[in-house]
Amino acid sequence: MAADSIKNILSRRVKEGVLFRAVDSETTECYACGHRCKIHEGKFGICKIRYREKGKLMVPTGYTAGIQLDPIEKKPFFHVYPGGKALSFGMLGCDLHCAYCQNWLTSQALNDSLTGVFPEDITPLQLVRLATDHEARVLTSTYNEPLITSEWAVEVFAEGKKHGLIGSFVSNGNATPEVLDFIRPYVDLYKVDLKSFDDKNYRKLGTTLRNVTSSIEGIFSRGFWLEIVTLVIPGFNDSDEELRSIAQFIKSISGNIPWHVTAFHRDYKMRDPQNTSAETLIRAARIGRAEGLRYVYTGNRPGETKSWENTYCPSCDEMLVEREGYRVQRNNVIHGACPKCKTTIPGVWS
């Protein structure tokens with residue numbers, strides 16, 4: 001689908017945004033993401049979905065480009081309602097351009113004529129009813145970068161709160177303090193992809209390492225429940241040195257933050273590296289544990305990494321949650337604690 005066609009379709013599904021400030025009479029600064037685009041009349045930001053019209057910042061609303069009922073472990077959140085369900089929804093567009101994106105049909109729809117899906121009109125209440133009808137406990141903004149569609153996510157999550165649902169972001173973490181403050185009353189769970197610990201790598205993807213690490217610090221300090229994922233890509237970020245740097249950074253914030261090291265598979269425009277082996281994931285997980293992270297998990301190789309899919313008590317090593325892939329086989333956490341030694345296990349358990 002041509003990007004121009006998608007722009008025309010989306011131009012009928014917009015509203016005035018709030019995540020901006022006037023620079024001067026001719027320029028608007030958008031602060032929905034870390035790019036802080038300075039947008040002139042009739043122009044778009046880097047995301048190509050937020051634009052200025054008649055002095056106003058126009059942003060997406062009222063549609064979805066994908067809806068899915070998922071186990072919450074697929075997000076992945078491993079310390080939130082084990083075995084529970086999350087209703088995932090997404091829009092179109094992204095502020096980065098990762099060659100290995102696994103949601104490229106939606107995220108790269110404005111950048112690549114080979115991508116894109118038709119949006120489906122929907123209301124926040126309809127999304128909430130889908131969640132409650134299917135006994136989901138969590139609403140998740142995902143599939144594209146949720147920061148750049150934060151106004152819409154907040155509409156949905158505000159409606160969800162009325163029905164006892166929890167809001168969550170699955171994000172690249174290229175945030176600003178302003179957008180985090182805006183979403184915090186409506187978003188309790190935040191998953192960040194920490195893609196590398198090399199600024200040169202991040203600049204190839206479209207942002208800076210410091211933007212993301214600052215955002216992770218801000219997410220944690222604001223009291224979101226935070227889990228971090230690193231997609232381990234051979235030849236890109238899989239060296240012991242880089243994995244250790246990531247683990248050390250996470251530990252500097254808190255050793256209780258779950259770190260998921262997940263397997264890359266060839267996708268979109270990145271076809272050269274080998275798919276990540278189970279052995280590489282185990283090596284990464286061991287590095288994380290050695291650096292003092294209490295909860296390190298492997299992903300995307302179900303059943304191949306032995307105990308690294310499970311949650312154990314850091315005090316007595318009791319198995320608390322047994323998993324294979326996205327399936328919870330046993331959950332022994334009682335009132336947020338280990339049943340054997342009563343150690344509190346951080347997370348959202350009930």
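# Spaces and helix contacts in a predicted model

The largest cavity holds about 80 Å³ of space. On a 1 Å grid over the protein atoms alone, a cavity is a set of points where a 1.4 Å probe fits but cannot get out, a pocket is an open set with protein on both sides within 12 Å along at least five of seven lines, and lining residues have an atom within 4 Å of a point. Volumes are the space filled by probe spheres set on the points, with grid points joined across faces, edges and corners.

The model is predicted: local features need pLDDT of at least 70, side-chain atom pairs count only at pLDDT 80 or more, and totals for chains, interfaces and linings use all residues. Residues are numbered from 1 along each chain as its sequence is written, and side-chain values use heavy atoms, with hydrogens and water left out.

## Cavity and pockets

A search of the whole structure finds 1 cavity of 30 Å³ or more. The lining of the largest cavity is made of Cys30, Ala32, Cys33, Arg36, Cys37, Ile39, Gly45, Cys47, Arg50, Asp95 and Ile148.

The largest pocket contains about 1000 Å³ of space. It is lined by 41 residues, and Gln102, Asn103, Val170, Lys191 and Asp193 are the closest to its centre. At least two lining residues come from each of strand 8 (66-71), strand 12 (166-171), strand 13 (189-193), strand 14 (225-232), strand 15 (259-263) and strand 16 (296-299). Helices (H or I, at least four residues) and strands (E, at least two) are DSSP runs, numbered from the N terminus.

In the second largest pocket there is about 150 Å³ of space. Its lining has 13 residues, with Arg289, Arg294, Trp308, Tyr312 and Asp317 nearest the centre. Strand 16 and strand 17 (311-312) are the elements that give two or more residues to this lining.

The table divides the three linings by class. Ala, Val, Leu, Ile, Met, Phe, Trp, Tyr, Cys and Pro count as nonpolar, Asp, Glu, Lys and Arg as charged, and the others, Gly among them, as polar.

| Lining | Nonpolar | Polar | Charged |
|---|---|---|---|
| Largest pocket | 14 residues | 18 residues | 9 residues |
| Second largest pocket | 7 residues | 3 residues | 3 residues |
| Largest cavity | 7 residues | 1 residue | 3 residues |

## Helix pairs

Helix 3 (residues 124-133) packs against helix 4 (residues 150-162) at an angle of about 55°, and their axes are 9 Å apart. Axes are lines fitted to C-alpha atoms, for helices over the stretch in contact, and angles run from 0 to 180 degrees between N-to-C directions. Helix 3 and helix 4 are therefore oblique to each other; angles under 35 degrees count as roughly parallel, over 145 as roughly antiparallel, 65 to 115 as roughly perpendicular and the rest as oblique. The crossing of helix 3 past helix 4 is right-handed, meaning that the near helix is turned clockwise from the far one by less than a right angle.

From helix 3, Pro124, Leu125, Leu127 and Val128 meet Trp152, Glu155, Val156, Glu159 and Gly160 of helix 4, where contact means heavy atoms within 4.5 Å. This contact has 6 nonpolar, 1 polar and 2 charged residues.

Helix 8 (residues 240-253) and helix 9 (residues 278-290) pack at about 45°, with axes 9 Å apart. Helix 8 is therefore oblique to helix 9. Helix 8 also passes helix 9 in a right-handed crossing. Asp240, Leu243, Arg244 and Ala247 in helix 8 meet Arg283, Ala284, Ile287 and Gly288 in helix 9. By class, the contact of helix 8 with helix 9 has 4 nonpolar, 1 polar and 3 charged residues.

## Backbone details

The peptide bond from Lys75 to Pro76 is cis, with omega near -10°. Pro76 belongs to the loop between strand 8 and strand 9 (85-90). Lys48, in the loop between strand 4 (38-40) and strand 5 (51-53), has phi near 65°, a positive value in a residue other than glycine.
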